[in-house]
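Reader: I would like to learn how to read a model of this kind, feature by feature, with the cut-offs stated as we go. Could you give the general idea each time and then the case at hand?

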Amino acid sequence: MPLSTQVQQAVATRLDRFFDGLRTESAEYGPDAALFLDAADETLQGGKRLRARFCHSGWRAVARFADRGATETDPLWDLCASLEIFQSAALVHDDLIDNSDTRRGRPAAHRALQQRHVGQTWAGDPEAFGRSSAILLGDLLISWSDDLLEQALAGHPFAAQVRSVYARMRRDVTVGQFLDIAEESAWKVSPDDEHAQRALRVVSLKAARYSIEQPLALGAAFAGADADQSAALRAFGLPIGMAFQLRDDVLGVFGDESVTGKPAGDDLREGKRTVLIALTRERLDASARRLIDEMLGDPQLDKDQVAALQATIAGSGALERVEEMITAYAAEADRALVGARLDNASVSDLRELARAATVRTA
(Lines give C-alpha, C1' and ligand atoms only; values in the text may rest on other atoms or scores of the structure.)
Protein backbone atom coordinates (compact mmCIF):
# COMPACT_ATOMS: atom_id res chain seq x y z
CA MET A 1 0.00 0.00 0.00
CA PRO A 2 1.43 3.44 -0.91
CA LEU A 3 2.67 5.49 2.03
CA SER A 4 0.25 8.33 1.23
CA THR A 5 -2.68 5.90 1.44
CA GLN A 6 -1.40 4.54 4.75
CA VAL A 7 -1.24 8.06 6.18
CA GLN A 8 -4.70 8.96 4.89
CA GLN A 9 -6.20 5.81 6.38
CA ALA A 10 -4.43 6.25 9.72
CA VAL A 11 -5.59 9.87 10.01
CA ALA A 12 -9.14 8.94 8.99
CA THR A 13 -9.21 6.26 11.70
CA ARG A 14 -7.89 8.72 14.26
CA LEU A 15 -10.51 11.33 13.31
CA ASP A 16 -13.31 8.74 13.52
CA ARG A 17 -12.16 7.74 16.99
CA PHE A 18 -11.92 11.38 18.06
CA PHE A 19 -15.44 12.15 16.85
CA ASP A 20 -16.85 9.02 18.46
CA GLY A 21 -15.52 10.31 21.76
CA LEU A 22 -16.96 13.76 21.15
CA ARG A 23 -20.40 12.36 20.42
CA THR A 24 -20.38 10.42 23.68
CA GLU A 25 -19.27 13.48 25.66
CA SER A 26 -21.78 15.73 23.90
CA ALA A 27 -24.91 13.60 24.35
CA GLU A 28 -26.11 15.91 27.13
CA TYR A 29 -26.26 18.83 24.66
CA GLY A 30 -29.36 17.40 22.97
CA PRO A 31 -30.48 16.75 19.38
CA ASP A 32 -29.93 20.28 18.06
CA ALA A 33 -26.29 20.12 19.09
CA ALA A 34 -26.03 16.69 17.46
CA LEU A 35 -27.02 18.37 14.20
CA PHE A 36 -24.11 20.79 14.74
CA LEU A 37 -21.65 17.96 15.45
CA ASP A 38 -22.78 16.14 12.31
CA ALA A 39 -22.02 19.28 10.30
CA ALA A 40 -18.54 19.37 11.85
CA ASP A 41 -17.92 15.74 10.99
CA GLU A 42 -18.99 16.33 7.38
CA THR A 43 -16.33 19.00 6.91
CA LEU A 44 -13.68 16.35 7.44
CA GLN A 45 -14.93 14.01 4.74
CA GLY A 46 -12.83 13.86 1.58
CA GLY A 47 -9.79 15.97 0.83
CA LYS A 48 -6.20 15.02 0.10
CA ARG A 49 -4.96 15.09 3.74
CA LEU A 50 -2.04 17.07 2.37
CA ARG A 51 -1.06 18.71 5.65
CA ALA A 52 -1.15 15.43 7.53
CA ARG A 53 0.98 13.80 4.85
CA PHE A 54 3.62 16.53 4.96
CA CYS A 55 3.61 16.47 8.77
CA HIS A 56 4.17 12.72 8.75
CA SER A 57 6.91 13.08 6.13
CA GLY A 58 8.73 15.73 8.18
CA TRP A 59 8.63 13.46 11.21
CA ARG A 60 9.76 10.43 9.23
CA ALA A 61 12.66 12.21 7.51
CA VAL A 62 14.13 13.21 10.89
CA ALA A 63 13.17 10.19 13.01
CA ARG A 64 14.57 7.64 10.56
CA PHE A 65 17.77 9.61 10.05
CA ALA A 66 18.34 9.78 13.81
CA ASP A 67 17.15 6.18 14.31
CA ARG A 68 14.82 7.37 17.05
CA GLY A 69 12.47 4.42 16.92
CA ALA A 70 10.70 5.56 13.78
CA THR A 71 7.44 3.79 14.55
CA GLU A 72 4.19 5.69 14.14
CA THR A 73 2.38 6.15 17.44
CA ASP A 74 -1.04 7.48 18.44
CA PRO A 75 0.43 10.86 19.48
CA LEU A 76 1.91 11.31 15.98
CA TRP A 77 -1.46 10.58 14.39
CA ASP A 78 -3.08 12.96 16.87
CA LEU A 79 -0.77 15.70 15.64
CA CYS A 80 -1.48 14.91 11.99
CA ALA A 81 -5.23 14.78 12.64
CA SER A 82 -5.16 18.09 14.51
CA LEU A 83 -3.87 19.73 11.33
CA GLU A 84 -6.74 18.29 9.33
CA ILE A 85 -9.28 19.61 11.84
CA PHE A 86 -7.66 23.04 11.71
CA GLN A 87 -7.78 22.87 7.91
CA SER A 88 -11.52 22.15 8.09
CA ALA A 89 -11.97 25.21 10.30
CA ALA A 90 -10.08 27.35 7.80
CA LEU A 91 -12.18 26.04 4.91
CA VAL A 92 -15.46 26.67 6.75
CA HIS A 93 -14.49 30.30 7.31
CA ASP A 94 -12.95 30.65 3.84
CA ASP A 95 -16.11 29.43 2.10
CA LEU A 96 -18.18 31.76 4.25
CA ILE A 97 -15.97 34.74 3.40
CA ASP A 98 -16.00 33.88 -0.31
CA ASN A 99 -19.72 33.08 -0.28
CA SER A 100 -18.91 29.74 -1.94
CA ASP A 101 -21.76 27.32 -2.43
CA THR A 102 -19.72 24.13 -2.73
CA ARG A 103 -16.68 22.41 -1.29
CA ARG A 104 -15.33 19.10 -2.61
CA GLY A 105 -18.46 18.64 -4.71
CA ARG A 106 -20.81 19.01 -1.73
CA PRO A 107 -22.55 22.03 -0.16
CA ALA A 108 -20.18 24.31 1.73
CA ALA A 109 -20.68 24.20 5.52
CA HIS A 110 -22.81 27.35 5.71
CA ARG A 111 -25.02 26.04 2.90
CA ALA A 112 -25.32 22.61 4.55
CA LEU A 113 -26.35 24.27 7.83
CA GLN A 114 -28.81 26.44 5.92
CA GLN A 115 -30.33 23.25 4.48
CA ARG A 116 -30.59 21.74 7.96
CA HIS A 117 -32.57 24.79 9.09
CA VAL A 118 -34.97 24.26 6.19
CA GLY A 119 -35.20 20.54 6.86
CA GLN A 120 -36.13 21.16 10.50
CA THR A 121 -38.80 23.71 9.41
CA TRP A 122 -37.42 26.18 11.94
CA ALA A 123 -38.49 29.82 12.05
CA GLY A 124 -36.42 32.68 10.71
CA ASP A 125 -34.03 33.18 7.81
CA PRO A 126 -32.28 29.92 6.85
CA GLU A 127 -29.41 31.74 5.12
CA ALA A 128 -28.67 33.90 8.17
CA PHE A 129 -28.80 30.79 10.35
CA GLY A 130 -26.35 29.01 8.07
CA ARG A 131 -23.87 31.86 8.08
CA SER A 132 -24.02 32.44 11.84
CA SER A 133 -23.73 28.74 12.55
CA ALA A 134 -20.74 28.38 10.21
CA ILE A 135 -18.83 31.05 12.15
CA LEU A 136 -19.37 29.05 15.32
CA LEU A 137 -18.59 25.80 13.52
CA GLY A 138 -15.21 27.10 12.42
CA ASP A 139 -14.46 28.26 15.96
CA LEU A 140 -15.46 24.87 17.36
CA LEU A 141 -13.18 23.07 14.92
CA ILE A 142 -10.27 25.32 15.93
CA SER A 143 -10.83 24.45 19.58
CA TRP A 144 -10.93 20.76 18.71
CA SER A 145 -7.67 21.03 16.79
CA ASP A 146 -6.13 22.52 19.93
CA ASP A 147 -7.54 19.68 22.03
CA LEU A 148 -6.04 17.04 19.77
CA LEU A 149 -2.72 18.89 19.61
CA GLU A 150 -2.47 18.95 23.39
CA GLN A 151 -3.37 15.27 23.52
CA ALA A 152 -0.50 14.57 21.12
CA LEU A 153 1.94 16.60 23.22
CA ALA A 154 1.08 15.22 26.67
CA GLY A 155 4.45 14.30 28.20
CA HIS A 156 6.25 14.76 24.86
CA PRO A 157 9.92 15.81 25.15
CA PHE A 158 9.67 18.35 22.30
CA ALA A 159 6.24 19.76 23.16
CA ALA A 160 7.45 23.36 23.48
CA GLN A 161 9.02 23.35 20.02
CA VAL A 162 5.91 21.87 18.43
CA ARG A 163 3.60 24.37 20.15
CA SER A 164 5.75 27.25 18.93
CA VAL A 165 5.49 26.12 15.29
CA TYR A 166 1.76 25.48 15.61
CA ALA A 167 1.10 28.89 17.14
CA ARG A 168 3.02 30.66 14.37
CA MET A 169 1.12 28.67 11.75
CA ARG A 170 -2.24 29.80 13.16
CA ARG A 171 -1.15 33.45 13.26
CA ASP A 172 0.24 33.38 9.73
CA VAL A 173 -2.82 31.83 8.11
CA THR A 174 -5.20 34.18 9.93
CA VAL A 175 -3.27 37.28 8.88
CA GLY A 176 -2.91 35.84 5.39
CA GLN A 177 -6.67 35.37 5.16
CA PHE A 178 -7.21 38.99 6.16
CA LEU A 179 -4.68 40.21 3.59
CA ASP A 180 -6.48 38.12 0.96
CA ILE A 181 -9.74 39.88 1.83
CA ALA A 182 -8.04 43.27 1.99
CA GLU A 183 -6.46 42.84 -1.43
CA GLU A 184 -9.90 42.57 -3.03
CA SER A 185 -10.35 46.23 -2.00
CA ALA A 186 -6.82 47.60 -1.65
CA TRP A 187 -5.77 46.76 -5.23
CA LYS A 188 -7.58 49.86 -6.46
CA VAL A 189 -5.18 52.24 -4.70
CA SER A 190 -2.04 50.12 -5.12
CA PRO A 191 0.35 50.71 -8.03
CA ASP A 192 -0.23 48.16 -10.77
CA ASP A 193 3.37 46.99 -10.69
CA GLU A 194 3.02 46.03 -7.00
CA HIS A 195 -0.03 43.79 -7.40
CA ALA A 196 1.90 40.60 -8.13
CA GLN A 197 4.22 41.06 -5.15
CA ARG A 198 1.29 41.78 -2.86
CA ALA A 199 -0.47 38.66 -4.14
CA LEU A 200 2.66 36.58 -3.54
CA ARG A 201 2.73 37.78 0.07
CA VAL A 202 -0.81 36.47 0.51
CA VAL A 203 0.23 33.18 -1.10
CA SER A 204 3.12 32.83 1.32
CA LEU A 205 1.14 33.54 4.49
CA LYS A 206 -2.23 32.03 3.69
CA ALA A 207 -1.13 28.95 1.78
CA ALA A 208 2.56 28.16 1.31
CA ARG A 209 3.66 28.21 4.93
CA TYR A 210 0.42 26.84 6.31
CA SER A 211 -0.14 24.08 3.75
CA ILE A 212 3.35 22.63 3.47
CA GLU A 213 6.25 24.41 5.18
CA GLN A 214 4.76 24.49 8.68
CA PRO A 215 3.28 20.96 8.62
CA LEU A 216 6.75 19.72 7.64
CA ALA A 217 8.28 21.77 10.45
CA LEU A 218 5.72 20.41 12.92
CA GLY A 219 6.52 16.81 12.06
CA ALA A 220 10.23 17.52 12.22
CA ALA A 221 9.93 19.25 15.60
CA PHE A 222 7.90 16.30 16.90
CA ALA A 223 10.84 14.05 15.96
CA GLY A 224 13.37 16.35 17.65
CA ALA A 225 14.90 17.95 14.54
CA ASP A 226 18.00 20.07 14.93
CA ALA A 227 18.35 23.54 13.40
CA ASP A 228 19.94 22.32 10.13
CA GLN A 229 17.26 19.69 9.55
CA SER A 230 14.48 22.15 10.22
CA ALA A 231 16.08 24.70 7.90
CA ALA A 232 16.40 22.16 5.07
CA LEU A 233 12.76 21.08 5.38
CA ARG A 234 11.55 24.67 5.51
CA ALA A 235 13.69 25.58 2.48
CA PHE A 236 11.98 22.72 0.67
CA GLY A 237 8.49 23.36 2.03
CA LEU A 238 8.09 27.08 1.31
CA PRO A 239 8.70 26.98 -2.46
CA ILE A 240 6.59 23.83 -2.80
CA GLY A 241 3.86 25.66 -0.89
CA MET A 242 4.15 28.61 -3.26
CA ALA A 243 3.90 26.29 -6.27
CA PHE A 244 0.96 24.47 -4.66
CA GLN A 245 -1.06 27.68 -4.27
CA LEU A 246 -0.18 28.96 -7.72
CA ARG A 247 -1.50 25.66 -9.07
CA ASP A 248 -4.65 26.24 -7.01
CA ASP A 249 -5.00 29.69 -8.57
CA VAL A 250 -4.75 28.20 -12.06
CA LEU A 251 -7.36 25.57 -11.22
CA GLY A 252 -9.60 28.25 -9.72
CA VAL A 253 -9.85 29.81 -13.18
CA PHE A 254 -9.26 26.94 -15.60
CA GLY A 255 -10.12 23.85 -13.55
CA ASP A 256 -12.61 21.17 -14.57
CA GLU A 257 -15.61 21.35 -12.24
CA SER A 258 -16.12 17.57 -12.40
CA VAL A 259 -12.60 17.14 -10.98
CA THR A 260 -12.19 20.14 -8.65
CA GLY A 261 -15.70 20.02 -7.16
CA LYS A 262 -16.10 23.78 -7.65
CA PRO A 263 -17.64 25.64 -10.62
CA ALA A 264 -15.19 26.65 -13.34
CA GLY A 265 -14.12 30.26 -12.96
CA ASP A 266 -15.24 30.49 -9.34
CA ASP A 267 -12.19 32.60 -8.44
CA LEU A 268 -13.24 35.08 -11.12
CA ARG A 269 -16.75 35.39 -9.69
CA GLU A 270 -15.32 35.80 -6.19
CA GLY A 271 -12.98 38.56 -7.37
CA LYS A 272 -9.78 36.95 -6.12
CA ARG A 273 -6.76 39.16 -6.80
CA THR A 274 -4.34 36.33 -7.44
CA VAL A 275 -0.87 36.36 -8.96
CA LEU A 276 -2.50 35.14 -12.19
CA ILE A 277 -4.75 38.20 -12.30
CA ALA A 278 -1.94 40.59 -11.33
CA LEU A 279 0.30 39.31 -14.13
CA THR A 280 -2.57 39.50 -16.61
CA ARG A 281 -3.26 43.14 -15.76
CA GLU A 282 0.43 44.02 -16.17
CA ARG A 283 0.28 42.80 -19.76
CA LEU A 284 -2.92 44.57 -20.83
CA ASP A 285 -3.52 48.09 -22.07
CA ALA A 286 -5.60 50.47 -19.96
CA SER A 287 -8.95 49.73 -21.63
CA ALA A 288 -8.55 45.94 -21.41
CA ARG A 289 -7.44 46.30 -17.79
CA ARG A 290 -10.58 48.31 -16.99
CA LEU A 291 -12.74 45.59 -18.53
CA ILE A 292 -11.07 42.90 -16.40
CA ASP A 293 -11.60 45.04 -13.30
CA GLU A 294 -15.28 45.54 -14.12
CA MET A 295 -15.94 41.84 -14.64
CA LEU A 296 -13.84 40.42 -11.82
CA GLY A 297 -15.91 39.83 -8.71
CA ASP A 298 -19.28 39.72 -10.47
CA PRO A 299 -21.05 36.69 -8.95
CA GLN A 300 -23.40 36.57 -11.97
CA LEU A 301 -20.69 35.93 -14.57
CA ASP A 302 -22.07 33.43 -17.07
CA LYS A 303 -20.13 30.73 -18.91
CA ASP A 304 -19.45 32.93 -21.93
CA GLN A 305 -18.08 35.74 -19.77
CA VAL A 306 -15.91 33.29 -17.83
CA ALA A 307 -14.63 31.89 -21.12
CA ALA A 308 -13.82 35.42 -22.33
CA LEU A 309 -11.83 36.13 -19.17
CA GLN A 310 -10.04 32.81 -19.48
CA ALA A 311 -9.06 33.67 -23.05
CA THR A 312 -7.79 37.10 -21.99
CA ILE A 313 -5.69 35.62 -19.18
CA ALA A 314 -4.20 32.93 -21.40
CA GLY A 315 -3.67 35.33 -24.31
CA SER A 316 -1.83 37.82 -22.11
CA GLY A 317 0.89 35.27 -21.36
CA ALA A 318 0.09 35.33 -17.63
CA LEU A 319 -0.90 31.67 -17.54
CA GLU A 320 2.38 30.66 -19.17
CA ARG A 321 4.30 32.86 -16.72
CA VAL A 322 2.59 31.28 -13.70
CA GLU A 323 3.40 27.81 -15.06
CA GLU A 324 7.04 28.89 -15.33
CA MET A 325 6.94 30.11 -11.72
CA ILE A 326 5.52 26.78 -10.56
CA THR A 327 8.35 24.94 -12.32
CA ALA A 328 10.97 27.28 -10.84
CA TYR A 329 9.61 26.92 -7.30
CA ALA A 330 9.60 23.13 -7.64
CA ALA A 331 13.22 23.17 -8.79
CA GLU A 332 14.22 25.44 -5.89
CA ALA A 333 12.57 23.04 -3.45
CA ASP A 334 14.34 20.05 -4.97
CA ARG A 335 17.73 21.71 -4.56
CA ALA A 336 17.03 22.32 -0.86
CA LEU A 337 17.02 18.57 -0.19
CA VAL A 338 20.41 17.91 -1.82
CA GLY A 339 22.86 16.88 0.90
CA ALA A 340 20.35 17.44 3.72
CA ARG A 341 20.82 15.37 6.87
CA LEU A 342 17.56 13.53 6.36
CA ASP A 343 16.55 9.93 5.74
CA ASN A 344 17.13 9.15 2.05
CA ALA A 345 13.97 7.12 1.53
CA SER A 346 11.96 9.89 3.17
CA VAL A 347 13.54 12.45 0.86
CA SER A 348 12.30 10.41 -2.09
CA ASP A 349 8.84 10.41 -0.55
CA LEU A 350 9.02 14.19 -0.14
CA ARG A 351 9.84 14.59 -3.81
CA GLU A 352 6.82 12.44 -4.71
CA LEU A 353 4.61 14.54 -2.44
CA ALA A 354 5.96 17.68 -4.09
CA ARG A 355 4.97 16.40 -7.51
CA ALA A 356 1.52 15.48 -6.24
CA ALA A 357 1.07 18.98 -4.82
CA THR A 358 2.17 20.87 -7.91
CA VAL A 359 1.25 18.67 -10.88
CA ARG A 360 -2.45 18.05 -10.34
CA THR A 361 -5.94 18.72 -11.69
CA ALA A 362 -7.79 19.02 -8.37
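Reader: Is Thr121 buried or exposed?

Author: Buried means under 20% relative accessible area, exposed means over 50%, and partly exposed lies in between, with a 1.4 Å probe and protein chains only. Thr121, with a relative accessible area of 68%, is therefore exposed. Thr121 sits in the loop between H5 and H6, and its phi is near 50°, a positive value in a residue other than glycine. Helices (H or I, at least four residues) and strands (E, at least two) are DSSP runs, numbered from the N terminus.

Reader: On what basis are such values given?

Author: This is a predicted model, in which local features need pLDDT of at least 70 and side-chain atom pairs count only at pLDDT 80 or more, while totals for chains, interfaces and linings use all residues. Residues are numbered from 1 along each chain as its sequence is written, and side-chain values use heavy atoms, with hydrogens and water left out.

Reader: Where does Arg49 lie, and what is its phi?

Author: Arg49 is in the loop between H2 and H3 and has a positive phi of about 55° although it is not a glycine. Arg49 counts as buried, because its relative accessibility is 10%.

Reader: Which residues of helix H5 are buried, and what covers them?

Author: In H5 (residues 109–119), the buried residues are Ala109, His110, Arg111, Ala112, Leu113, Arg116 and His117. Contact means heavy atoms within 4.5 Å, and the cover over these residues includes helix H2 (31–43), H4, strand E2 (106–107) and helix H6 (126–153).

Reader: How should I read the span of helix H16, and where around its axis do the buried residues lie?

Author: The expected span of a helix is 1.5 Å times one less than its number of residues. H16 (residues 344–358) has 15 residues and reaches 21 Å from its first C-alpha to its last, close to the 21 Å expected. Its buried residues are Ser346, Val347, Leu350, Leu353, Ala354, Ala357 and Thr358. They cover an arc of only 115° around the axis, so they are on the same side of H16; the arc is that of the directions from the helix axis to the C-beta atoms. The buried residues of H16 pack against helix H3 (50–66), helix H8 (195–222), helix H9 (227–254) and helix H15 (318–336).

Reader: Which residues touch the most other members of the largest nonpolar core?

Author: A nonpolar core is a set of buried Ala, Val, Leu, Ile, Met, Phe, Trp, Tyr and Cys residues joined through side-chain atoms within 4.5 Å. The largest has 71 residues, of which Phe54, Trp144 and Phe236 touch the most other members. Helix H4 (residues 74–98) gives the most to this core, with eleven residues. Not counting residues up to four places away in sequence, Phe236 touches Phe54, Leu216, Ala333, Ala336, Leu337, Leu350 and Ala354. A second, separate core of 29 residues includes Leu296, Leu309, Ile326 and Tyr329.

Reader: How many disulfides does the structure hold, and why is Cys80 without a bond to Cys55?

Author: A disulfide is a covalent bond between the sulfur atoms of two cysteines, and here the criterion is a pair of cysteine sulfur atoms within 2.5 Å. The structure holds zero disulfides. The sulfur of Cys80 has its closest cysteine sulfur in Cys55, but the distance is 4.0 Å, which is too far for a bond. Cys55 counts as buried because its relative accessibility is 0%, and Cys80 counts as buried at 0% relative accessibility.
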